[in-house]
Amino acid sequence: MDIHEHPLYKEDVKRVAELSLPWEKIQDASILISGATGLIGSFLIDVLMWRNTYRKANCKVFALGRSEEKAKRRFAYYKDSSLFHFLSHDINEPLHLQNNERIEYVLHLASNTHPVAYATDPIGTITTNIIGLKNMLDFGVYHHTKRFAFASSNEIYGENRGDQELFDEHYCGYIDCNTLRAGYPESKRCGEALCQAYMKQKGLDVVIPRLTRSYGPTMLESDTKAISQFIKKAIASEDIVLKSAGNQYYSYTYVADAVSGLLTVLLLGKSGEAYNIADQHSDITLKDLAATLAKIAGTKVIFEIPDATEKAGYSKATKARLDGKKMHRLGWMPFYNIKTGIQVTIQVLIELK
């Protein structure tokens, strides 16, 4: 079964596509999405193409990614659509469309987003978040983009200083910049500053949705985040491997909620503002997350020492819970909490095996 045919996945896509949002803003528009085959990007494209099919949105989607082979597999569903175009491109190189047509919206989602990638490709992690972003911002300026969305991360907050339970959008915790692991959060911080520079100097309209640790049935096989590893083990009915004491307390977001948040910020957010796409009902410690997945799988949690590569990519933050009040004021509310989101993810992935 293709993921597009799974009833629970289809229901998620439809639910996001029918949200009460000012969809008229993207009617007959062109949208470019980097990181198109990733966890977030692929779901977002399914939502936009659903609106093209069932709401006659006439929204032209340009999906940007490095692997044409991966895109052909993931988006075979749209191969005959005149509204879907895949562009094979490395965003660390400048990009211009041949016909120079206007692109009304750009969503920059491309990034290394898991620990092994941070540890094994630290240069690529940084350059994608800074040079790649600069190329996409230049693309937005050149193609007269109405609005540019830069997908930032909960990682920009650094370590909790112990003075705040929830991180609001103005919080700034400690990051030791002289480490390998600092490449991801520091480059995301720099990326946000670069967006502000383009607003001031080039007049580009930019919004910054900050994503938490995201998961869902569109997760990639290569993803090494703890939650992704737990989910893979649960699907295989294997013991859940915990590589720490599990006291880390984080915010998580199911993919459909992350995408509904992205669209809310894109269509309703204030220019120049950052927004935490987060809800406290999806905050959980790593050990409780492992226990939840072990219970679903009918297995147990076991402890294992991480190898040097894995450990080098791990976040040092032990508590990173985001305050989602600003998003809620825009009208965004998630469909799932952490337990229901995990259950749907496991069910869909098992039935797709």
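A cavity is a set of grid points where a 1.4 Å probe fits but cannot get out. The exercises below apply this and related notions to a predicted model.

**Exercise 1. The enclosed space**

Determine how many cavities of 30 Å³ or more the structure holds, and describe the lining of the largest cavity.

*Solution.*
Step 1. Searching the whole structure yields one cavity of 30 Å³ or more.
Step 2. The volume of the largest cavity is about 40 Å³.
Step 3. Its lining consists of Tyr-252, Thr-253, Tyr-254, Asp-257, Ile-277, Ala-278, Asp-279, Ser-282, Trp-332, Pro-334 and Tyr-336.
Step 4. Sorted by class, these lining residues comprise seven nonpolar, two polar and two charged.
Step 5. The element that gives the most to this lining is strand 10 (residues 249–254), with three residues.

**Exercise 2. An open space**

State how much space lies in the second largest pocket, and identify the element that gives the most to its lining.

*Solution.*
Step 1. The second largest pocket holds about 490 Å³ of space.
Step 2. It is lined by 18 residues, of which Pro-217, Met-219, Leu-220, Glu-221 and Leu-349 are the closest to the centre.
Step 3. Two or more lining residues come from each of helix 3 (68–74), helix 7 (226–235) and helix 12 (338–352).
Step 4. Helix 3 gives the most, namely three residues.
Step 5. By class, the lining of this pocket has seven nonpolar, four polar and seven charged residues.

**Exercise 3. The nonpolar cores**

Find which residues have the most contacts inside the largest nonpolar core, and list what Leu-289 is in contact with beyond its neighbours within four places in sequence.

*Solution.*
Step 1. As a general background, nonpolar side chains in soluble globular proteins tend to be buried together.
Step 2. In this model, the largest nonpolar core has 82 residues, and Ile-45, Ile-231 and Leu-289 have the most contacts inside it.
Step 3. Once neighbours within four places in sequence are left aside, Leu-289 is in contact with Ile-227, Phe-230, Tyr-252, Ile-284, Ile-338 and Ile-342.
Step 4. Another core, of 21 residues, lies apart from the largest one; Leu-95, Val-106, Phe-148 and Leu-204 are among its members.

**Exercise 4. Salt bridges, buried and exposed**

For the pairs Asp-80 with Lys-79, Arg-181 with Glu-155, and Arg-210 with Glu-192, give the closest N and O distance and decide whether the partners are buried or exposed.

*Solution.*
Step 1. The structure contains 20 salt bridges.
Step 2. In the pair of Asp-80 and Lys-79, the closest N and O atoms are 3.5 Å apart. Exposed means over 50% relative accessible area. Asp-80 has a relative accessibility of 69% and therefore counts as exposed; Lys-79, with a relative accessible area of 64%, is exposed as well.
Step 3. Between Arg-181 and Glu-155 the closest N and O atoms are 2.7 Å apart. Both residues lie in the loop between strand 6 (152–153) and helix 6 (183–202), so the salt bridge ties together parts that are 26 residues apart in sequence. Arg-181 and Glu-155 are buried.
Step 4. Between Arg-210 and Glu-192 the closest N and O atoms are 2.7 Å apart. Arg-210 belongs to strand 7 (residues 206–211) and Glu-192 to helix 6, so this pair ties together parts that are 18 residues apart in sequence. Arg-210 and Glu-192 are both buried.
Step 5. Through shared partners, salt bridges also join Glu-165, Asp-283, Lys-319 and Arg-321 into one network.

**Exercise 5. Residues in loops**

Locate Lys-56, His-144 and Asn-100, and report the phi values of Lys-56 and His-144.

*Solution.*
Step 1. Lys-56 is placed in the loop between helix 2 (39–54) and strand 2 (60–65). Although Lys-56 is not a glycine, its phi is positive, at about 50°. With a relative accessible area of 62%, Lys-56 is exposed.
Step 2. His-144 is part of the loop between helix 5 (122–142) and strand 5 (147–150). It is a residue other than glycine with a positive phi, near 55°. Its relative accessible area is 56%, so His-144 is exposed.
Step 3. Asn-100 occupies the loop between strand 3 (84–88) and strand 4 (105–108), and its relative accessibility of 44% makes it partly exposed.
Step 4. Not counting residues up to four places away in sequence, Asn-100 touches Tyr-142 and His-143.
Step 5. Asn-100 and Gly-158 are 58 residues apart along the chain, and their C-alpha atoms are separated by 40 Å.

Conventions
Residues numbered from 1 in each chain as written. Predicted model: local features only at pLDDT ≥ 70, side-chain atom pairs only at ≥ 80, totals over all residues. Heavy atoms only, no water. 1 Å grid on protein atoms, 1.4 Å probe; cavity = no way out; pocket = protein on both sides within 12 Å on 5 of 7 lines; lining within 4 Å. Points joined across faces, edges and corners; volume = space filled by probe spheres on them. Helix = DSSP H or I, 4+ residues; strand = E, 2+ residues; numbered from the N terminus. Nonpolar A, V, L, I, M, F, W, Y, C, P; charged D, E, K, R; others polar. Core = buried A, V, L, I, M, F, W, Y, C linked by side-chain atoms within 4.5 Å. Buried < 20%, exposed > 50% of the residue type's maximum accessible area, 1.4 Å probe, protein only. Contact = heavy atoms within 4.5 Å. Salt bridge = Lys/Arg side-chain N within 4 Å of Asp/Glu carboxyl O.
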